[in-house]
Amino acid sequence: ENIPRRWEDWCKSIEIQVLEPGIYELLPLVYMRIRKLVPSDPLINTLRGIYKRNWTKNMLIFRQLEQVVEAFSDANIDALVLKGMSLVPYYEMELGARMMDDSDLLVPESKVNQAAKILVAMGWRTDPGVSLQTLSIQIIPLHHAWCFRQNNVRLDLHWQPVHREYGDIDDGCLW
């Protein structure tokens with residue numbers, strides 16, 4: 001296989017500035033591969049920039065998630081990282097390899113009110129904004145998760161591993 005040649009042909013057929021989002025989201029992974037196969041490619045600096053921007057954004061998400069997990073641990077709340085951040089080990093621990101907009105954290109449903117109070121005390125806010133009382137009475141019984149925001153970082157706090165519409169899930173095996 002002549003990967004550098006195929007890469008060159010692909011680059012001639014596209015305009016990197018106008019790629020659709022699904023393709024653009026793959027560019028950090030492309031960079032990881034192309035930097036080894038075609039290190040002198042004219043697009044390498046653009047790809048490196050996309051990767052570094054992504055790494056910086058993901059590092060911010062990771063650090064805030066780390067602080068939340070530590071706060072939950074201090075309060076004896078078990079937490080499981082779900083989705084994007086939990087997949088980082090499969091990307092050779094490269095935080096820039098996968099574009100992420102948020103982090104997802106699962107806590108036992110019996111601890112979700114306590115977890116929400118800790119988040120608010122840490123400066124997170126519900127999004128859309130609801131009070132902790134509304135969250136407790138109206139949201140938790142009907143939903144599986146709720147979004148919290150701090151600065152430009154989003155955290156989805158889950159108390160069910162999947163949407164309730166799929167039925168009640170016995171999540172005991174997760175803990």
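Here are a few exercises on the sheet and some residues of this predicted model, each with a worked solution.

Before you start, note that residues are numbered from 1 along each chain as its sequence is written, and that side-chain values use heavy atoms, with hydrogens and water left out. As this is a predicted model, local features need pLDDT of at least 70 and side-chain atom pairs count only at pLDDT 80 or more, while totals for chains, interfaces and linings use all residues.

**Exercise 1. Work out in which order the five strands sit in the sheet, and which strands are at the edges.**

Step 1: Get the terms straight. Strands are DSSP runs of E with at least two residues, helices are runs of H or I with at least four, and both are numbered from the N terminus. Two strands pair if DSSP finds at least two bridges between them.

Step 2: Read off the order. The sheet is open and goes β1-β2-β5-β4-β3, with mixed pairing.

Step 3: Find the edges. β1 (80–82) and β3 (125–126) each pair on one side only, so these are the edge strands by the pairing rule.

Step 4: Check the neighbours. β1 runs antiparallel to β2 (residues 102–106) and is joined to it by three bridges; here leucine 80 stands opposite leucine 106. At the other edge, β3 and β4 are antiparallel over two bridges, with threonine 126 facing phenylalanine 148 in β4.

**Exercise 2. Take a look at β4 and β5: how many bridges do they share, and what happens in their hairpin?**

Step 1: Count the bridges. β4 and β5 pair in the antiparallel sense over six bridges. One partnership links alanine 145 with histidine 158 in β5.

Step 2: Go to the turn. The hairpin has two residues between the strands, and asparagine 151 takes a positive phi near 55 degrees there.

Step 3: See how covered β4 is. Five of its six residues are buried (buried means under 20% relative accessible area, exposed over 50%, partly exposed in between, with a 1.4 Å probe and protein chains only).

Step 4: Add the helix. α4 (residues 44–74) lies across β1, β2, β4 (145–150) and β5 (153–158), at about 20 degrees to β2. For that angle, axes are lines fitted to C-alpha atoms, for helices over the stretch in contact, and angles run from 0 to 180 degrees between N-to-C directions.

**Exercise 3. Compare leucine 155 and isoleucine 169: is each one buried or partly exposed?**

Step 1: Start in β5, where leucine 155 is found. Leucine 155 is buried because its relative accessibility is 0%.

Step 2: List its contacts (heavy atoms within 4.5 Å). Not counting residues up to four places away in sequence, leucine 155 touches several residues, including Leu65, Leu119, Trp124 and Phe148.

Step 3: Move to the segment after β5, home of isoleucine 169. At 36% relative accessibility, isoleucine 169 counts as partly exposed. Beyond four places in sequence, isoleucine 169 contacts Gln160, Pro161 and Val162.

**Exercise 4. Find out which side chain makes a polar contact with the side chain of aspartate 156.**

Step 1: Place the residue. Aspartate 156 lies in β5 and is buried because its relative accessible area is 8%.

Step 2: Know the test. A polar contact is a pair of N or O atoms within 3.5 Å; within protein, one must be able to donate a hydrogen and the other to accept it, and residues adjacent in sequence count only if both atoms are side-chain atoms.

Step 3: Name the partner. It is the side chain of arginine 154, at 3.0 Å.
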